[in-house]
Amino acid sequence: MYKDKTLSQYLDDLAAKLPAPGGGSASAMAAALGVALLSMVVNFTIGKPKYAMHEKELSVVLQDCERLRREFLRLVDEDAAAYSSKDLQRSLDVPLTICRLLHDAARLCPVVCEKGNVNLISDVAVAIALIDSAFVSGYWNVDINLKMLNDNTRSLAIRQELDGYQRTIQSIRHDTEVSIGKVIRG
């Protein structure tokens, strides 16, 4: 659907009076942008003698970032398809998956912040901001679908899970931004 179209087409459709894409798809796109920035920083780090001691670990991080980026891009389309299908379970599962994967993505930021190319440290700050924003966006989409699901027990369990992820992501964002601020501002 959108994976192979232009960014301009996606944004035109997002802005149009169309049922999809919507907020869930936009959260997946923001998530893809965040992990793409992490990949960029790692790509500018690997192969530099100054960072040779971290190359093996960063190569694994790069693989994780690229896997997540592909998955988020797939979820851009999956969310639009789920909403269009009017399948409530599918409409819940997609943003829930986005949120769970964002938890994984956020956990890559401290490594890239600490061991990545210092000349691109501000890109790590942008990445964690996008990841955090995408998580909050995805959570809102989960929340609205939980309301329609009318299953209080399941809703409570999912909200508790996501609240834990949110605390972790916010903590990572805070710590990452403090570290980056020290590097940039001294």
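This briefing covers helix packing, aromatic pairs and backbone details in one structure. The model is predicted. Three helix contacts come up below: α3 with α4, α2 with α6, and α6 with α7. A search of the whole structure also finds two aromatic pairs. The last topics are a cis peptide bond between Ala20 and Pro21, positive phi values at Lys86 and Asn150, and the surroundings of Gln63.

**Helices α3 and α4**

- Helix α3 covers residues 55-85, and helix α4 covers residues 88-106.
- Their axes come within 8 Å and cross at roughly 160 degrees.
- Angles over 145 degrees count as roughly antiparallel, so α3 is roughly antiparallel to α4.
- The crossing of these two helices, α3 and α4, is left-handed.
- On the α3 side, the contact is made by Leu68, Glu71, Phe72, Leu75, Glu78, Asp79, Ala81, Ala82, Tyr83 and Ser85.
- On the α4 side, the contact is made by Arg90, Ser91, Val94, Pro95, Thr97, Ile98, Leu101, Leu102, Asp104 and Ala105.
- By type, the residues of this α3–α4 contact divide into 12 nonpolar, three polar and five charged.

**The loop between α3 and α4**

- Lys86 sits in the loop between α3 and α4.
- Its phi is near 60 degrees, a positive value in a residue other than glycine.
- Most residues other than glycine have a negative phi.
- Is Lys86 buried or exposed? Lys86 counts as exposed because its relative accessibility is 70%.

**Helices α2 and α6**

- Helix α2 spans residues 23-43, and helix α6 spans residues 121-149.
- The axes of α2 and α6 come within 8 Å and cross at roughly 160 degrees.
- That angle makes α2 roughly antiparallel to α6.
- α2 passes α6 in a left-handed crossing.
- From α2, the residues in the contact are Gly23, Gly24, Ser27, Ala30, Ala31, Leu33, Gly34, Val35, Leu37, Leu38, Met40 and Val41.
- They meet Asp123, Val124, Val126, Ala127, Leu130, Ile131, Ala134, Ser137, Gly138 and Asn141 in α6.
- What types of residue make up the contact of α2 with α6? The residues divide into 14 nonpolar, seven polar and one charged.

**Before α2: a cis bond**

- Pro21 lies in the loop between α1 (7-15) and α2.
- A cis peptide bond joins Ala20 and Pro21, with omega about 10 degrees.
- Most peptide bonds are trans.

**Helices α6 and α7**

- Helix α6 also packs with α7, at an angle of about 165 degrees.
- The axes of α6 and α7 are 10 Å apart.
- Here α6 is roughly antiparallel to α7.
- The crossing, in which α6 passes α7, is left-handed.
- The residues of the α6–α7 contact divide into 19 nonpolar, five polar and seven charged.

**The loop between α6 and α7**

- Asn150 has its place in the loop between α6 and α7 (152-185).
- Phi of Asn150 is near 55 degrees, a positive value in a residue other than glycine.
- Asn150 is exposed, with a relative accessible area of 67%.

**Aromatic pairs**

- Tyr2 and Tyr10 form an aromatic pair.
- Their rings are 5.2 Å apart, centre to centre, with 80 degrees between the planes.
- This Tyr2–Tyr10 pair is edge-to-face.
- Tyr2 is buried, with a relative accessible area of 8%.
- Tyr10 is buried too, with a relative accessible area of 3%.
- Phe135 and Tyr139 also pair, with ring centres 6.0 Å apart.
- Why is the pair of Phe135 and Tyr139 edge-to-face? Their planes stand at 75 degrees, and over 60 degrees counts as edge-to-face.
- Phe135 and Tyr139 are four residues apart in helix α6, so about one helical turn separates them.
- Phe135 counts as buried, at 0% relative accessibility.
- Tyr139 counts as buried, at 10% relative accessibility.

**Gln63 and Ser39**

- Gln63 is found in helix α3.
- At 55% relative accessibility, this Gln63 counts as exposed.
- How far apart in space are Gln63 and Ser39? They are 8.6 Å apart, C-alpha to C-alpha.
- In sequence, Gln63 and Ser39 are 24 residues apart.

Note on methods. Residues numbered from 1 in each chain as written. Predicted model: local features only at pLDDT ≥ 70, side-chain atom pairs only at ≥ 80, totals over all residues. Heavy atoms only, no water. Axes fitted to C-alpha atoms, helices over the stretch in contact; angles between N-to-C directions. Parallel < 35°, antiparallel > 145°, perpendicular 65-115°, else oblique. Left-handed = near helix turned anticlockwise from the far one by under 90°. Contact = heavy atoms within 4.5 Å. Nonpolar A, V, L, I, M, F, W, Y, C, P; charged D, E, K, R; others polar. Phe/Tyr/Trp six-rings, centres within 6.5 Å; stacked < 30°, edge-to-face > 60°. Buried < 20%, exposed > 50% of the residue type's maximum accessible area, 1.4 Å probe, protein only.
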